[in-house]
Structure formats: structure tokens, C-alpha cells
Amino acid sequence: RFLDQVLAENPGIHKILEIGCGGCVILEGLKNRGYDVVGVDSSPFAVKEGAKKGVKVITAFFPTPLITEKFDLAFHVDVLEHIHKPLDFLKQIREALNPDGIVIVNVPDATESIEIGDISMAMHQHLNYFTESSLVAMLQSAGFEVLQVVKAGYGGSLYAAARRSENAKGNSIPRNLDGSEAHDRFPVLARQVLSTFDQLVASIVKDKSASLGFYVPLRTLPYIALTGRFSGFRFFDDTEHWHYREFDGVPVTIENFADLQKEPVTHILIMSLTFGDAIRKKIHASFGDRIKTYTLSEIASGSVL
């Protein structure tokens with residue numbers, strides 16, 4: 001919907017580049033609507049899917065000399081958080097655009113996590129974490145005029161649209177724009193949240209009549225890694241392809257909601273800021289007060305102790 005909105009507001013867009021195009025699903029839809037589309041992706045899967053869908057895919061990492069044309073729009077989904085030098089990456093995208101070209105950026109939203117000291121956002125494959133202010137600052141510093149930044153209606157993502165600006169200097173990010181104060185507070189807050197988490201888990205594990213489960217285990221991993229707790233609990237998640245699998249280094253089988261219904265625990269920590277309330281309602285609808293639940297927001301606030 002965000003992409004459609006940008007396209008509707010900019011009828012001059014014809015040539016579109018997707019960086020990290022994967023299965024070319026979005027590009028196929030755009031091609032069928034009459035846009036001239038190109039994808040760039042280093043994966044052989046992307047080339048194979050592009051061939052099936054009639055989408056041109058350049059097999060390379062961006063930037064690449066294999067891209068010899070300019071585009072009206074470039075976009076990428078969940079890419080910038082993986083890039084070693086994101087500011088340089090955005091400057092290179094700027095050079096691939098026509099003078100009034102637009103870039104659309106989709107990244108995980110770390111705004112709330114950084115504000116409250118939540119380390120669950122720390123994914124092993126993510127090199128960068130963006131707030132609304134730091135994403136705006138980086139786009140401006142890369143030579144773009146930011147048109148809008150919005151939070152996703154579902155899931156924890158930020159969508160930004162920015163236009164190439166000929167007046168932008170493209171210098172380093174000004175400290176007064178990049179959210180540095182929140183970043184500076186983060187380590188202090190994170191230690192407090194981690195301490196609360198550890199005390200809560202210790203009190204449950206110590207109770208021989210209690211049993212502990214974590215919902216959304218991917219977000220749990222940074223906490224158990226830093227507290228050194230790798231057993232004495234169960235993992236639950238609604239992601240189908242994780243069912244009965246394990247994360248490397250943590251020998252705990254991932255179960256689903258049906259498993260929880262068959263064999264309930266007494267306490268569950270719901271380790272998601274985005275879906276915490278929804279998961280709690282789901283658990284409460286099936287178990288009532290038989291399972292005591294704690295959300296990550298409550299842990300971060302310290303109200304659970």
C-alpha cells in the first residue's frame with residue numbers, strides 16, 4: 001500500500017529498480033501494471049524466479065557496473081539493516097536515480113526498543129538499527145529530501161520515501177538529528193531491563209511448582225544469551241516452519257500453540273513489543289488465569305517485580 005501510494009502521487013515514475021528482489025513477487029505485479037522493472041540480487045533463486053515471471057534480474061550485489069541505466073524509483077525491503085556502510089549504500093542508490101528519482105526504504109523499526117532499553121531487537125544478521133529520526137537523518141545525509149516516514153500498520157517496520165535532492169550536501173549525519181540522546185541512554189536502560197528479566201526468570205525457575213515458557217523465542221535469544229540461561233523453559237511460536245526445530249546453540253525445541261494447549265505451563269513471558277497484547281489475549285482466551293503472562297513492555301517498565 002505504501003508503494004502504491006508513492007506511485008499514485010508520482011505519475012512520472014516508469015522505470016523501477018528493486019535491490020534484493022528475491023522471488024520478484026513485487027516486481028512481477030509492477031510489470032503487469034505496465035512499469036519497466038529491473039531487479040538486482042546475488043541469489044540464483046532470484047534469477048530463476050525472475051525468468052519464470054518475465055522480470056529482468058541482474059545477478060550481483062548492489063552497487064554493480066552491470067547496472068548501466070537510471071531509474072525513476074528504487075526500493076528495497078529489509079535490506080538496509082544488513083548493509084555494512086548504509087550511508088554509502090544510500091548515496092550509491094542516489095547515483096542510480098534520475099534527477100527527481102525516489103527511493104523507498106523498508107527497515108525494522110527499533111524506535112521503541114531503543115527508547116526503553118529492549119535488547120530483543122538484536123538479531124545476529126542485522127548490522128544497523130533505525131529509529132524514525134535516525135532514518136530521516138541518514139536519508140538527508142545521503143542527498144535525499146525525505147517525503148514521509150510511516151510506521152507499518154502490521155508488524156514492526158518503518159517505511160520511508162525520499163526524493164533525490166540536487167541541493168543536498170551528502171555529508172555525515174548531524175548529531176542533533178540522529179537520535180543520539182536515545183542511543184546514549186540505551187546501554188543504561190538495557191542493563192536495567194536485563195536485570196529485571198533475570199530476576200523474574202530466576203523467581204519462576206526457583207519455584208518447583210512452576211513451569212516457564214517463552215513466546216516469540218527469536219526475541220528471547222539476546223536475553224537468555226546475556227543471562228546465561230539455556231534450559232529450564234520451553235519455547236512457543238506461531239511460525240509454522242520453526243515447529244519442532246531448534247536455534248543453533250539453544251537445545252530447546254520450538255513448540256506451537258497446540259502444544260501449549262496439550263501441555264500448559266504456569267508462566268509465559270511474551271517477548272514481543274509488537275504482538276505482545278495480541279498473544280496475551282490469545283493465551284487468556286484459552287487458559288484464563290491458569291497461565292500467568294508477562295509482556296516485554298511490562299518487563300521493560302519494571303512493573304513485573
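This report describes selected local features of the structure shown above.

The structure is a predicted model, in which local features need pLDDT of at least 70 and side-chain atom pairs count only at pLDDT 80 or more, while totals for chains, interfaces and linings use all residues. Residues are numbered from 1 along each chain as its sequence is written, and side-chain values use heavy atoms, with hydrogens and water left out.

**Helix α3**

Helix α3 spans residues 44-53; helices (H or I, at least four residues) and strands (E, at least two) are DSSP runs, numbered from the N terminus. Within α3, Ala-46, Glu-49, Gly-50 and Lys-53 are buried, where buried means under 20% relative accessible area, exposed means over 50%, and partly exposed lies in between (1.4 Å probe, protein chains only). These residues cover an arc of only 105 degrees around the axis, which puts them on the same side of α3; the arc is that of the directions from the helix axis to the C-beta atoms. An α-helix has 3.6 residues a turn, so residues three or four places apart point the same way. The other side of α3 carries the exposed residues Pro-44, Lys-48, Ala-51 and Lys-52. Cover for the buried residues of α3 includes α2 and β3, with contact taken as heavy atoms within 4.5 Å.

Both ends of α3 have a distinct feature. At the N-terminal end, Ser-43 acts as a cap, with a side-chain oxygen 3.0 Å from the backbone nitrogen of Phe-45. A polar contact is a pair of N or O atoms within 3.5 Å; within protein, one must be able to donate a hydrogen and the other to accept it, and residues adjacent in sequence count only if both atoms are side-chain atoms. After α3 comes Gly-54, which has a positive phi near 70 degrees.

**Asn-106 and its surroundings**

Asn-106 belongs to strand β5 (residues 97-108) and is buried, with a relative accessible area of 8%. Its side chain reaches the backbone oxygen of Leu-158 at 3.4 Å. Leaving aside residues up to four places away in sequence, Asn-106 touches His-76, Val-77, Asp-78, Val-79, Glu-81, Ser-157, Leu-158 and Tyr-159.

**A surface patch**

Val-77 also belongs to a nonpolar surface patch with Val-25 and Ile-26, and together the three have about 230 Å² of accessible area. Val-25 lies in helix α2 (residues 25-32) and counts as exposed, because its relative accessibility is 60%. Patches are made of residues with over 30% relative accessible area and no salt bridge (a side-chain nitrogen of Lys or Arg within 4 Å of a carboxyl oxygen of Asp or Glu); like charges are joined within 9 Å, and nonpolar side chains (Val, Leu, Ile, Met, Phe, Trp, Tyr) within 5 Å.

**Backbone features in loops**

Two residues other than glycine with a positive phi are listed below.

| Residue | Phi | Loop | Relative accessibility |
|---|---|---|---|
| Val-216 | about 65 degrees | between β8 (212-215) and α8 (217-227) | 16%, buried |
| Tyr-244 | near 65 degrees | between β9 (234-236) and β10 (254-255) | 53%, exposed |

A cis peptide bond, with omega about 0 degrees, joins Phe-62 and Pro-63. Pro-63 is located in the loop between β3 (56-58) and β4 (71-77).

**Gln-5**

Gln-5 is part of helix α1 (residues 2-9) and is partly exposed, at 32% relative accessible area. Its C-alpha atom is separated by 43 Å from that of Arg-234, which is 229 residues apart from Gln-5 along the chain.

Terms used: Areas by Shrake-Rupley, 256 points an atom, 1.4 Å probe, with all protein chains shown as cover.
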